[in-house]
Amino acid sequence: MKKNVHVVGAIIENERQEIFCALRSPDMTLANYWEFPGGKIEVGETPEQALTREITEEFNCSIKVGEKVEDTTYEYEKFIVRLETYKARLLKGIPVAIEHAETRWVPRKELFELNFAPADIPAVEKIMNEK
Ligand SMILES: Nc1nc2c([nH]c(=O)n2[C@H]2C[C@H](O)[C@@H](COP(=O)(O)OP(=O)(O)OP(=O)(O)O)O2)c(=O)[nH]1
């Protein structure tokens, strides 16, 4: 049976309507896909707690988590991901990649130009079609 993972991703937007996107490294699972930064929810954590923890660990900055955007389940070849995405704002610090290959602030309407992980597509489409 395939493993199920429950993951949260942050859609961090700045005042110029750009979204913070991260490219997974060649040595990560789902290598070379762009994603919304985040990670797996650990036992006893709320999605918001998991998200703030992951962003601190992986990008050395703090965020304030806002409204939920999407809740999507996607079956990959080897595992099944439930990805919950939340809007977020930077609170303190500038995000720097600790594990990721690259990061980019991308104008909201240009998100489709990045090769996002398949589970992220519904959230990408929703964000791009806002206002
Ligand atoms: N963080 C994040 N993960 C995503 C997104 N979309 C998506 O399919 N995923 C997948 C990639 C990973 O398999 C999993 C997230 O786990 P993770 O961020 O802790 O990944 P990881 O490399 O530490 O996992 P692992 O190799 O230690 O098992 O969810 C996304 O937008 N953000």
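This is a short dialogue on reading the features of a predicted model.

Colleague: What kind of model is this, and how are residues numbered?

Modeller: The model is predicted: local features need pLDDT of at least 70, side-chain atom pairs count only at pLDDT 80 or more, and totals for chains, interfaces and linings use all residues. Residues are numbered from 1 along each chain as its sequence is written.

Colleague: Which residues does the UniProt domain annotation cover?

Modeller: UniProt positions are given in the numbering used here, feature names are shortened, and annotations may be inferred rather than shown by experiment. The unreviewed UniProt entry carries "domain: Nudix hydrolase" over residues 3-129. That span is 17% helix and 43% strand, and its end C-alpha atoms lie 32 Å apart. Helices (H or I, at least four residues) and strands (E, at least two) are DSSP runs, numbered from the N terminus.

Colleague: Which residues come nearest to the ligand?

Modeller: A residue is near a molecule or strand if its C-beta atom, placed from the backbone, lies within 6 Å of it. Here 16 residues surround the ligand, and G9, E35, G39, A117 and A119 come nearest. Strand 1 (3-12), strand 4 (38-40) and strand 6 (79-92) each give two or more residues to this shell.

Colleague: How many shell residues are nonpolar, polar and charged?

Modeller: Ala, Val, Leu, Ile, Met, Phe, Trp, Tyr, Cys and Pro count as nonpolar, Asp, Glu, Lys and Arg as charged, and the others, Gly among them, as polar. The ligand shell has 9 nonpolar, 4 polar and 3 charged residues.

Colleague: Which members of the largest nonpolar core touch the most others?

Modeller: Burial first. A residue is buried if 20 or more other C-beta atoms lie within 10 Å of its own, exposed if 12 or fewer, and partly exposed in between; C-beta atoms are placed from the backbone. A nonpolar core is a set of buried Ala, Val, Leu, Ile, Met, Phe, Trp, Tyr and Cys residues joined through C-beta atoms within 7 Å. The largest one has 29 residues, and A10, I11 and Y86 touch the most other members. Elements giving two or more residues to this core include strand 2 (18-23), helix 1 (47-59), strand 5 (62-75) and helix 2 (121-128). Strand 1 gives the most, with 5 residues.

Colleague: What is I11 in contact with?

Modeller: Two residues are in contact if their C-beta atoms, placed from the backbone, lie within 7 Å. Neighbours within four places in sequence are left aside for I11, and its contacts are I19, F36, V69, T85, Y86, K87, A88, A123 and I127.

Colleague: How does the reach of helix 1 compare with the expected span?

Modeller: The expected span of a helix is 1.5 Å times one less than its number of residues. Helix 1 has 13 residues and reaches 17 Å from first C-alpha to last, close to the 18 Å expected. Its buried residues are A50, L51, T52, E54, I55 and F59. These pack against strand 1, strand 4, strand 5 and strand 6. N60 follows helix 1, with a positive phi near 50 degrees.

Colleague: Where do other positive phi values occur?

Modeller: L30 has phi near 50 degrees, a positive value in a residue other than glycine. N32 is likewise not glycine, and its phi is near 70 degrees. L30 lies in the loop between strand 2 and strand 3 (34-35), and N32 is in the loop between strand 2 and strand 3 too. L30 is partly exposed because it has 14 other C-beta atoms within 10 Å. N32 has 12, so it counts as exposed.

Colleague: Take strand 2. Is A22 buried or exposed?

Modeller: A22, in strand 2, is buried because 24 other C-beta atoms lie within 10 Å. Beyond four places in sequence, A22 is in contact with W34, E35, P37, A97, H100 and T103. L23 is also in strand 2, but with 19 C-beta neighbours inside 10 Å it counts as partly exposed. Outside the same sequence window, L23 touches N32, W34, H100, A101 and E102.

Colleague: And the loops: is F112 buried or exposed?

Modeller: F112 sits in the loop between strand 7 (102-107) and helix 2. With 12 C-beta neighbours inside 10 Å, F112 counts as exposed. Not counting residues up to four places away, F112 touches V124 and M128. I41 lies in the loop between strand 4 and helix 1. I41 has 21 C-beta neighbours inside 10 Å, so it counts as buried.
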